[in-house]
Amino acid sequence: MSFTHLHVSTAFSAHYGVSWPEELAQVAAADGASALACTDRDGLYGTIKHLKACMAAGIDPLVGVDLAVFDDDGDHRTQLAGRVVVLARGHNNGAGYRALCRLVSDAHARTSGKAGGAVPVAVTRAELASRTLDPQTLKPVLTVLIGPDSDVGRAMGGRRYLRPRTLFKRWLEAMPAGSLVAEVVSQLTTPGKPLSTAHAVRMLKLAEEHHVPAVLTNAVRYCAEDGAATADVLDSARTLKSLPELAAEPLLQPNGQAWLKSAEQMLQLGKEIIRAAGYGTADLKQLMAQTEALADYCRIDPVSDMGWKQPVVPEASVIGISQDPHLELVQRCEAGIGRRFPGISGPAHKEMRSRLEHELGIIRNLGFSSYFLTVAEVSRMILDMGVRAAARGSGASSLVNYLIDVSQVDPLQHDLIFERFLSRDRATLPDIDIDVESAERHNVYRKIFDRFGAERVTLMSMQNGYRARGAVRDAGMALGMDDDDVGEIAKQLWRFSARKFREALVEKPELREFAGRVEQRGFAENQQLDLLVDLTERLDRLPRHISMHPCGVILGDATLLDRTPVQPSGLGLPMSQFDKHDMDPMGMLKLDVLGVRMQSAMAFAIREVIRIHPSKAEVVAAGAHPAGPDGSGPDYIAENGHIDLNAVPLDDEPTFELIRSTHTLGCFQIESPGQRELIGKMAPREFNDLIIDISLFRPGPMKSDMVRPFLEHRHGFAPEVYPHPDLKPVLQETHGVTVFHEQILKTFDVMTGCGLARADEFRRALGNEVLELKVEEFFRREARIRGYSPEVVDNVWGTLKAFGSFGFCKAHGAAFAVPTYQSAWLKAHHPEAFLAGLWEHDPGMYPKRLLVAEARRLGIPILPLDINRSQAEYRVERVADGADAGKLGIRLSLNGIYGLSGAELKRIVAGQPYDSLADLRARSRLSRPSIKRLAQLGAFDSLHRESGGAANRADLVQHLQKLQAAGGTRKGLDIMEGQLALPLGDVELRNVKPGLPAPTLVDNVRAELDLMAIDVSGHLMDSHRPMLDRLGVTTADKLLGLRNGTEVLVAGVRIATQTPPMRGGRRVVFISIDDGTGCIDSVFFHEAQEQAGLLLFGTRLLLIRGTTRRTGPRGISLSASMAWDLSKVETLPFPENQREGTDVPHPLDGISRSLAITGMGG
Amino acid sequence: MGMFSESVDVDCAASGQPLKLRWAGQHYTVCAEPVRWYERRQWWAEERRAPLGSGPGLVDHEIWRVQVRLDPQDAGEPLTLDLSRHLGSGRWRLVRIHDALQPRTA
């Protein structure tokens, strides 16, 4: 006997279901089931995973949804009348699945897509009825299950005997004949309560009375009994109430019986219900048979019903093609040759030609020509918008992509292999990723919707699962713990999976205090902490909600919305309920249009260059660019001063000099402490070095110690070693070390003759327990046949096995290296514009305030906020007077000042310039607090000076404060109104009463940090200087002069915290601090972490003791041994004679905006 | 109706249905078809641990409502009792004694 579960929520029913589709399918199959349904709440979130899981388990999938229904008697926009399960019928060429998709989209159509919207996800009964019938055949293709959670089921317990009957009749009247069944559920709760056998009996009798089939389900939420406690915690997270509160209401599940019961157990349940109903064996048989009959109706054929793995791309006509798409692609490639390879001839031409034919042949065979044309169309559309775009990823391996302008990297020059991207043996749609300016990303999305039509485009979603911090917060809430207590604990959880919480308690020094509390064996107070750990582990990875994927756009033909349900995203554009894992199974073409802040920063910098230097000659002079072919400057600079960044040659010496100096703050990919260390050691000389550098700085190579041998060989400290002379051409560029996927492919090919396409299949099998064995067998056999010695074969296989699964694709590295080089080029030649761009778009890993120090180091003046000179963005400005006269400086932006609204900002800029405060008030209509804040930041200092007043900034702030306090009526004390037209200067400012002491540097810096999160007037560490001197602290600028291994004390404000993967898997913590003279990168190994404990992740101002480590000719870092919290003066290690530590006022006192200042949340 | 909890020994049929029980030194026999259901526990207050893989019995326990007569067979009104069985350990406890005259059924 077997039983089919028709009502099952998976973990993808966020905050409801507990078990993953794989577990459910495996358990069902093991129990002998031949099919299993997935009916997630509110959507088809787990459907494709369910399909995959069922196919793997060898059972048939059933697909459906558990949906709320609007109350026909109540307000149709907000009031609900229970939930029903809707199952799609199968084997009808997708008619059932189509109807299901559209129904789910209907349920979301009225919602806002934002959290906490007023309109719930639900359908009206009319929508349900109309979607049930297939529009072509007018036959029902959906089945609606009226169960215990429906309005009918919920009325069972009421006193009104007739109520369930009336409600059931309404369903019968509203729904097409044959589309309704009654869902009988007993979870064996207390007799007479919901989900009790008594209620199941009533539903069964109701069905009998109206001649509607009844089916048995268990309304499953978890795979096994153990999941019940997790379901309790999810109920708490969903309702935002603690378990004790929910239990009192009572809103928790009545017991823990909602698991995937076995066929035998379901039969027993059926027997119990039938006996309680007073029915006989025939009725039992009928109930079970009807359940299986419905299951049979709803068996889905993944291929014919859902289009499993059948790629669908936009119709040719949509991309403006009237001829055969392949012919079109060939013609476009031909046209690209002239542009990309002007004047190519001889062997190079022959090589290029044969590569092109090879690629086109594969593309034609796979039928992917339209796919390439679609991507080219999107790419062209973006460039036509004037937005910077660059292809990334393995798409850069394709010559076709290069010729049709999708990619900017010449695959022939960098020896990139097409098979890594696409091959005959790889029939899935390849990924092409396009990086665009982050600030333009949403515009690009909208343009794609316009261009292809809303019926062919939707955004991809992503599932957000519980990680340690969220899990501990929700577990704490479930237990009714104090928010602050839980928050304290959550703060210390730093990048490890919630499932390893208990393990982490033992290992991680920053959790030691908490672990101590758990271990104290006083039941009452610590029971909660113990449970907290267990519940946190239970929540680990469970989906919480879906959101817009940061870059995925799905493109299809006119049937796209028949194949994926959609819901509004926060952006207003529709979003698919499917995530990236569902794309390939559903044959969906996904384009990654990724917003990259660095692209925006670079575009901004180029606009600033042209604004300040509006001609080619000026740009050439300002940037010290080469004279070029005709002496007037290089071709990549246009007559109007516009720089074509993509055309800049990749061999600029000043750029590489800058990179080697390790002053790469702000440069794409190479600004992190670890990267600066690597760059310092490696000293890149050419573009290919950058590709290698980026590829080496990955978890795999770092963990497996590839970096050290590479550097030793590169610098000639140790001879290069090749496993066999045949492999020298393959491994030469990386000095014998295997770094790239491309090298793995070639190694396979050289030693076995398997061809590159198969080699890529082999590469992808590495790391897979089963497949890897077969690959190994093949490799050893074939290599032996070709005469390689057993030692060589052993040696090479070891390398392949170790690096194959995580090596880096060179095409990725090459695509990444382009913006790395371009950003370094801008920094080398136009640092002011580049820094302004960085400030404006904040692309880096460090807090913005660190750029102030970088500007100081580069001697670039930072110009204060000024009501008449500052704009809504950072601007490069020629300094008019003072010590820096004639230099280019960067004027601070009015944007991002705390409390200043977008509308105020717009009005300020529109009304500039102002001749007085009254003028400003009248025309910008600034709020009084905003005016005061601007005054605190010195934005009126120059106006004030011009007015000739004798007062200082503190006096002005006090004056404005008084006005603000007095300002009850709308105009209040705005007595200066009348002087607007008089060219007398600012009487108000002139007359501000002097008397207060001028604000100290600490005051000004505090205001800047508080309102702008940057310290401009002085460095926030300056006020600590006397104390640091007494401690004997060394400053960052002095470190490079010290010899290796010197013990020092350093101090500063935290700017970055990283825990990169390291060799041997032991955690290493990098903490970077900034002391006003530069950055200090310190590394905390295991011992030091033990010493530092809580300070590792919780402290803003740090004093660190450590020994210097030289990392290269220009690089030095610190190996830390101990750390202190600088704000706890009494704990600091003062020398004996300097004991008395007086606390000084510090700019950070009272400021809680940690994130923007230190890069640390919480 | 009294609410308390006291350990009892129960003899069961193969199906898990209670047949006889020993409570406070007396022997009782179940004299009518019992009713069984599952009730939730306030596990967050009663348990110290709830790790993954705890298995059954954390969230609910099995309740049997039985009517019993004192052995040897007396002729008086039967007693109605609610017994709980912990799903993990299989231990039985007496949780309620009902007014004998009003046994509730499903």
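Where in chain A is the place of Pro913(A)? Pro913(A) lies in the loop between helix 40 (902–911) and helix 41 (917–924) of chain A. The views below start from that loop and then move through a predicted model.

**View 1. A cis bond leads into Pro913(A).**
The peptide bond from Gln912(A) to Pro913(A) is cis. Its omega is near -5°. Most peptide bonds are trans. Look for Pro913(A) in the loop that follows helix 40 and precedes helix 41 of chain A.

**View 2. A cis bond also leads into Pro250(A).**
Here the cis peptide bond runs from Glu249(A) to Pro250(A). Omega is near -15°. Pro250(A) sits in the loop between helix 9 and helix 10 (263–277) of chain A.

**View 3. His91(A) has a positive phi.**
The value is about 55°, although His91(A) is not a glycine. Most residues other than glycine have a negative phi. His91(A) belongs to the loop between strand 3 (80–88) and helix 3 (95–109) of chain A.

**View 4. Six strands of chain A build an open sheet.**
The strand order is 1-2-3-4-5-6, and the pairing is mixed. Strand 1 (35–41) and strand 6 (214–216) of chain A each have a single partner strand, so one side of each has no neighbour in the sheet. From one strand to the next, the twist averages 35°. Inside the sheet, strand 4 (residues 142–146) and strand 5 (residues 180–184) of chain A pair in the parallel sense. They share 3 bridges. In one of these pairings, Val144(A) has Leu180(A) in strand 5 of chain A as its bridge partner.

**View 5. An open sheet of 3 strands has mixed pairing.**
Its order is 14-16-15 in chain A. Strand 14 (862–863) and strand 15 (875–878) of chain A are the edge strands. Each pairs on one side only. Strand 14 of chain A runs parallel to strand 16 (residues 888–891) of chain A, and 2 bridges join them. Find Leu863(A) and look across to Arg891(A) in strand 16 of chain A, which stands opposite.

**View 6. Two strands of chain B form a hairpin.**
Strand 7 (residues 79–85) and strand 8 (residues 92–98) of chain B run antiparallel. They are joined by 6 bridges. Leu81(B) has Ile97(B) in strand 8 of chain B as its bridge partner. Between the two strands lie 6 residues. In the turn, Gly90(B) has a positive phi of about 80°.

**View 7. Helix 33 and helix 35 of chain A cross at roughly 45°.**
The axes of helix 33 (residues 741–752) and helix 35 (residues 769–785) of chain A come within 8 Å. The crossing angle makes helix 33 of chain A oblique to helix 35 of chain A. From helix 33 of chain A come Phe748(A), Met751(A) and Thr752(A). They meet Phe778(A), Phe779(A), Glu782(A) and Ala783(A) in helix 35 of chain A. By class, this contact has 5 nonpolar, 1 polar and 1 charged residues.

**View 8. Helix 38 and helix 39 of chain A pack at about 175°.**
The axes of helix 38 (residues 831–841) and helix 39 (residues 850–858) of chain A are 11 Å apart. Their angle makes helix 38 of chain A roughly antiparallel to helix 39 of chain A. Pro831(A), Leu835(A), Leu838(A) and Trp839(A) line up on the helix 38 side of the contact. Leu851(A), Glu854(A), Ala855(A) and Leu858(A) meet them from helix 39 of chain A. The contact divides into 7 nonpolar, no polar and 1 charged residues.

**View 9. Chain A touches chain B.**
In this contact, 30 residues of chain A meet 23 residues of chain B. Helix 7 (197–209), helix 8 (227–239), helix 9 (243–248) and helix 22 (523–539) of chain A each supply at least two residues of the chain A side. Helix 22 of chain A gives the most, with 8 residues. By class, the chain A side has 14 nonpolar, 9 polar and 7 charged residues.

**View 10. Residues 968–983 of chain A have pLDDT under 50.**
For this stretch the model has 17 contacts beyond four places in sequence. Where pLDDT is low, the predicted coordinates should not be read in detail. Over chain A, pLDDT averages 89, and 94% of the residues score at least 70.

Technical notes: Residues numbered from 1 in each chain as written. Chains lettered and ligands numbered in written order. Predicted model: local features only at pLDDT ≥ 70, side-chain atom pairs only at ≥ 80, totals over all residues. Axes fitted to C-alpha atoms, helices over the stretch in contact; angles between N-to-C directions. Helix = DSSP H or I, 4+ residues; strand = E, 2+ residues; numbered from the N terminus. Parallel < 35°, antiparallel > 145°, perpendicular 65-115°, else oblique. Contact = placed C-beta atoms within 7 Å. Nonpolar A, V, L, I, M, F, W, Y, C, P; charged D, E, K, R; others polar. pLDDT = per-residue confidence, 0-100. Pairing = 2+ DSSP bridges.
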